[in-house]
Every structure is written in structure tokens, then in C-alpha cells.
Amino acid sequence: MKSKFIVLPILLGLLVGCGTTPTPSGDPGGNPPEGGNSVFHSGEGVPSASIGKQYDHYLDLTSKYVYEKNDGVWYNKFSIGSDVLLSSSVQSLLRKASPDTNEEIKTAIANTFYSTNISFDYYLANGEAELNKNIEFHIVKEQSYLKSYIGGNEMDIYYRVNNNQDQYYIVGMTDGFINVDNPNLYCSLPFPSLECTPNLYYGFQDSEVGGFAAIIVSKLGYASYDEETKTYSISNITASHNGISYKGWNVEAGSSEFSVSFKLSEDKKYVSILECNVIHSSVGEYLTNDHFKMEFHDFHSTTVSLPE
């Protein structure tokens, strides 16, 4: 396994950026515009452009990759799922009365972590009591803007996928876009997927269930609900995998344990805040007691203007 003990603090200390505005227009592929809850489709192989509407999701039963449809195109951003995402009969074992059904919660989690149009703030404690490392992240389809406020340094980084090649541009440090040739970026930053950091850096992936979001969905039946704070909590989630390999970043087989708490947005369409405590990670004991928080916003109304 590649060494990770200084990657995340250093890269987050270097990095982050922003941009928002109007909701994307209808689907030029001739599909109905966004409306109501997103639907999860499934099938063997890559999804056809003829199925689904704006912001629907699709699970490839062969590869286990999860796609979201945006302006007629199905995008996969390194999200791994399983049949748990398709089931509408997740156990209803919430230990306190909740105004939301498990299906609504599942849809909100999918809408958030598989989104092709969303922004969020990411805070990291690195075993400390205070969430003192902050990045802003804004994503639209296959381009994104990252801004970091860490260690007194501020940095803007732009990302894009160009002819199937991941590229980045660090303002003031690179002369335009250059190809990503460092796999550390895929575990340290939420690019190209919101799940990259929990999946690759912490090893939060399960061979049977999938990545971070799918694991949470699989444990909804064990969530407790706090009526006063409107917060769902799931304690001591365990996940095991047979090894992870993504674009040059390799994680040996192992297991992890973590706890999460989250709130839904006012309209119940996405997760507004999620916090995670790292109890154990086979990636390294130095990750024990890490704590991170993600605050999501500009759902389906994020824009990113890449520099030339």
C-alpha cells in the first residue's frame, strides 16, 4: 500500500475555490426536465441515453458503478454501489419517530454523493478537537473549482476532464491546465468524486455494498433520529474490502469502522450537513480519531467557469 501519513494534511494545506448560479436547463437529449424525486434505474452495462430524466441515477449491475444523468449525458464519477441502492424496502428500524421515510433519506443521500451539480464546504480535524482545515468545493459535470483556507494559505485549483484525461490548474503555480500524474490527489481531494476522500484515503469501502454513500444507505435501518436537531445518527459502521485500486492509488485489503450523523435539507432533496468520526481504519492508525464535516449547498444550482 502506498504511504499516506502526510498526504492529506499537506495537500489540503496547499489547496480550494467557488462559483454558483442558475439551475441547469432541461435535458437536450429529449428527456423530461427534472421533476419530483430522482429515480434509480439499473441494468447490465453502461446506461443508454434514451432512459431516465434529468438527475436520475443508474446502477450498472456489471461494474457496480453509479451514474447520474445531466443534460442528456450519464456521468460516472467513481461511485460504487450495489443492489442496496435499488431497494425501496430498507428496514425501518429508526429508534425514534422520523418525519422522513427511509426511501426519502436514501434518495437524499444518492442525490448528494452522486451529484454532478453541487457545492460543499469540507472541514477536517486530523485527530484534533477543532475542525480547522477547510476547503470549498464546487462541481458541475466534469469540471470543478476548489479553494483552500488552511494554515494561513489560500489557493485556487481548477479541475476538468478533457478527452478522458484528468487535468488541473493551480492559479499562480501552473501555466494553464496540466495532466494529473499524482495518484495522491485521488485520495486527498474530493475529485473526481465526492467519495474519493472517504473511499480512498480512509478505506471506507465494502466489497459487498460499495462506497461511502452506499454503506450509509445499507445501515439506515439502524439510524437514530433526534427530533430537536433533526439529525440522523448511525454508530459503529463496519466495512471490509478486498483491496481498492483507482488510477494508480492502491489500498490493501482491510476493514474500517466509523460513525456518521447527518441532516436533510429543508426540501428533503439532499443532505445539508454530514459529520463522520473515524474509529478505525486499516489504512493506518494515524487516521484514528480523525473527524470531518461536509456542508452541502447550491444543489443543482452550482456553476463553474474554468479559465482558458
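Which residue in β8 stands opposite S148? In this predicted model, that residue is M155, and the strands around it are a convenient place to begin.

## Strands β7, β8 and β9

Strand β7, which covers residues 143-150, pairs with strand β8, which covers residues 153-162, and the two run in the antiparallel sense over eight bridges. S148 and M155 are set opposite each other in this pairing. The hairpin that β7 and β8 make has two residues between the strands, and G151 takes a positive phi near 60° there.

On to the next pairing: β8 is also joined to strand β9, residues 165-170, by six bridges, again with an antiparallel course. Within this pairing, I157 has I170 of β9 as its bridge partner. The hairpin formed by β8 and β9 likewise has two residues between its strands, and N163, which is in the turn, has a positive phi of about 55°.

## The nonpolar cores

In soluble globular proteins, nonpolar side chains tend to be buried together. Here the largest nonpolar core has 71 residues, and those with the most contacts inside it are I109, F212, F262 and F292. Helix α5, which spans residues 212-218, gives the most to this core, contributing six residues. Apart from the largest core lies another one, made of six residues, with V140, Y158, F177 and V304 among them.

F212 can be followed further through the residues it touches: leaving aside those up to four places away in sequence, these are F113, E195, P198, N199, F204, F258, V260, L274, C276 and F292.

## Aromatic pairs and a cluster

A search of the whole structure finds 24 aromatic pairs. One of them is formed by Y122 and F292, whose rings are stacked, at 5.7 Å centre to centre and with 20° between the planes. This pair links distant parts of the chain, since Y122 belongs to strand β5 (residues 117-124) and F292 to strand β17 (residues 291-297), 170 residues apart. Y122 is buried because its relative accessible area is 4%, and F292 counts as buried because its relative accessibility is 1%. The rings of Y186 and Y246 have their centres 5.5 Å apart and their planes at 80°, so this pair is edge-to-face. Because Y186 lies in helix α3 (residues 184-188) and Y246 in strand β13 (residues 244-246), the pair ties together parts that are 60 residues apart in sequence. Both partners count as buried, Y186 at 5% relative accessibility and Y246 with a relative accessible area of 10%.

Beyond single pairs, one aromatic cluster is formed by F113, F120, Y122, F137, Y201, Y202, F204, F212, F258, F292 and F296. F212 and F292, which belong to this cluster, are also among the residues with the most contacts inside the largest nonpolar core.

## Charges over rings

Two charged residues are placed over aromatic rings. R160 lies over the face of F177, at 4.0 Å from the ring centre, and F177 is one of the residues of the six-residue core. The charged end of K293 sits over the ring of Y123, 5.1 Å from its centre.

## A buried leucine in helix α4

L200 is found in helix α4, which runs over residues 196-201. With a relative accessibility of 0%, L200 counts as buried, because buried means under 20% relative accessible area. The C-alpha atoms of L200 and C187 are separated by 4.8 Å, although these residues are 13 residues apart along the chain.

Definitions and conventions. Residues numbered from 1 in each chain as written. Predicted model: local features only at pLDDT ≥ 70, side-chain atom pairs only at ≥ 80, totals over all residues. Heavy atoms only, no water. Core = buried A, V, L, I, M, F, W, Y, C linked by side-chain atoms within 4.5 Å. Buried < 20%, exposed > 50% of the residue type's maximum accessible area, 1.4 Å probe, protein only. Helix = DSSP H or I, 4+ residues; strand = E, 2+ residues; numbered from the N terminus. Contact = heavy atoms within 4.5 Å. Pairing = 2+ DSSP bridges. Phe/Tyr/Trp six-rings, centres within 6.5 Å; stacked < 30°, edge-to-face > 60°. Lys NZ or Arg CZ within 6 Å of the ring centre and 35° of its normal.
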